[in-house]
Amino acid sequence: MKFICKDFRDALPIKDVQTFIMDPPYNINFNYKSKYKDNLDPNEYKQTIKDVLDLAYISSTDSASFFMINYPEVTAELYATIKETKWNVHQWITWVYNTNFGFSKKRFTKGSRAVLWLVKEDPKIKIDEVIQPYKNPNDKRIQKLMKKGKKGCHLYNWWNIDLCKNVSKQRLGYVNQIPVELLSRLILTTSDKGDLIADPMCGSGSTLVAAEQLGRKSWGCDLNEQLKPIWDEIQKQTTL
């Protein structure tokens, strides 16, 4: 596990990353309680995303994947910029969740984010590593599959996973933390044990924690110096 307190432009490129996972600032004027201002000029924001994708491309293996987590409307605005990079768009996954905030009388309540899956030409994909239980285990065809050792079927392209809330046991003490269940699915389906997982805007480091729990190596950077105590505690717990 390696944390670096730098802007990703100063920390990348590195070598042999198998899976990148990035939950960038959404540029919606969110208060991250740091020096970072989440209100870049739209063109500057798009260039930031392009910069990280370009640096990640040259940092990764030939079978690499890159996952970008963001709100659907922001991802749609970035789509043309993403297509300008060397990454291939493989799939759009929708993460849905219940929420108790963001209510409006003019719009439906926002309860989803996009997980855009980008790949190189020959990606490592292990869909069977994450399955869901069969909906009808009493069906004769399903029972035949279960007798052969099948425990479930492939996931859909939408995932219902609870947000990481303030009372969650996995909470590391930082805003907008991505749940370990979501991160684990992305890691398991695109990497093997011993592979390197990286997060160029790692926040509290939940991507690195999930990677280490699954037997992967991990690397992350973030420019927020206030995160250092959290990183130090994570590394201390990891070495115990």
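This report describes strand pairing, backbone geometry and surface charge in a predicted model.

## Strand β2 and its partners

Strand β2 covers residues 17–22, and six of its six residues are buried, so the strand is largely enclosed by the rest of the structure. A residue is called buried here when its relative accessible area is under 20%.

Two strands pair with β2. Strand β3, residues 60–70, runs parallel to β2, and five bridges link the two. Within this pairing, T19 is placed opposite S65 of β3. Strand β9, residues 196–199, also pairs with β2 in the parallel sense, here over three bridges. In that case V17 has L196 of β9 as its bridge partner.

## Strand β10 and its partners

Strand β10 spans residues 217–221 and is mostly covered, with four of its five residues buried. Strand β9, already described as a partner of β2, is joined to β10 as well: the two run parallel and share four bridges. I197 is matched with S218 of β10 as its bridge partner.

Strand β1, residues 2–4, is another parallel partner of β10, with three bridges between them. The bridge partner of K2 in β10 is W219.

## The loop between α1 and β2

Two backbone features fall in the loop that connects α1, residues 8–11, to β2. The first feature concerns P13, which is located in this loop. The peptide bond between L12 and P13 is cis, with omega at about 5 degrees.

The second feature concerns D16, also placed in the loop between α1 and β2. D16 is not a glycine, yet its phi is positive, at about 65 degrees. As a general background, most residues other than glycine have a negative phi, and most peptide bonds are trans. The relative accessibility of D16 is 54%, and the residue therefore counts as exposed; the threshold for that class is over 50%.

## A positive surface patch

Where is positive charge grouped on the surface? K140, K144, K147 and K148 together form a positive surface patch. One of these residues, K144, belongs to helix α4, which comprises residues 140–147.

Is K144 buried or exposed? Its relative accessibility is 59%, so K144 counts as exposed.

Definitions and conventions. Residues are numbered from 1 along each chain as its sequence is written. This is a predicted model: local features need pLDDT of at least 70, side-chain atom pairs count only at pLDDT 80 or more; totals for chains, interfaces and linings use all residues. Side-chain values use heavy atoms; hydrogens and water are left out. Buried means under 20% relative accessible area, exposed over 50%, partly exposed in between (1.4 Å probe, protein chains only). Two strands pair if DSSP finds at least two bridges between them. Patches are made of residues with over 30% relative accessible area and no salt bridge: like charges are joined within 9 Å, nonpolar side chains (Val, Leu, Ile, Met, Phe, Trp, Tyr) within 5 Å. Accessible areas come from the Shrake-Rupley method with a 1.4 Å probe; for residues, only the protein chains shown count as cover. A salt bridge is a side-chain nitrogen of Lys or Arg within 4 Å of a carboxyl oxygen of Asp or Glu. Lys and Arg count as positive and Asp and Glu as negative; His and the chain ends are not counted. The place of a charge is taken as NZ of Lys, CZ of Arg, CG of Asp or CD of Glu.
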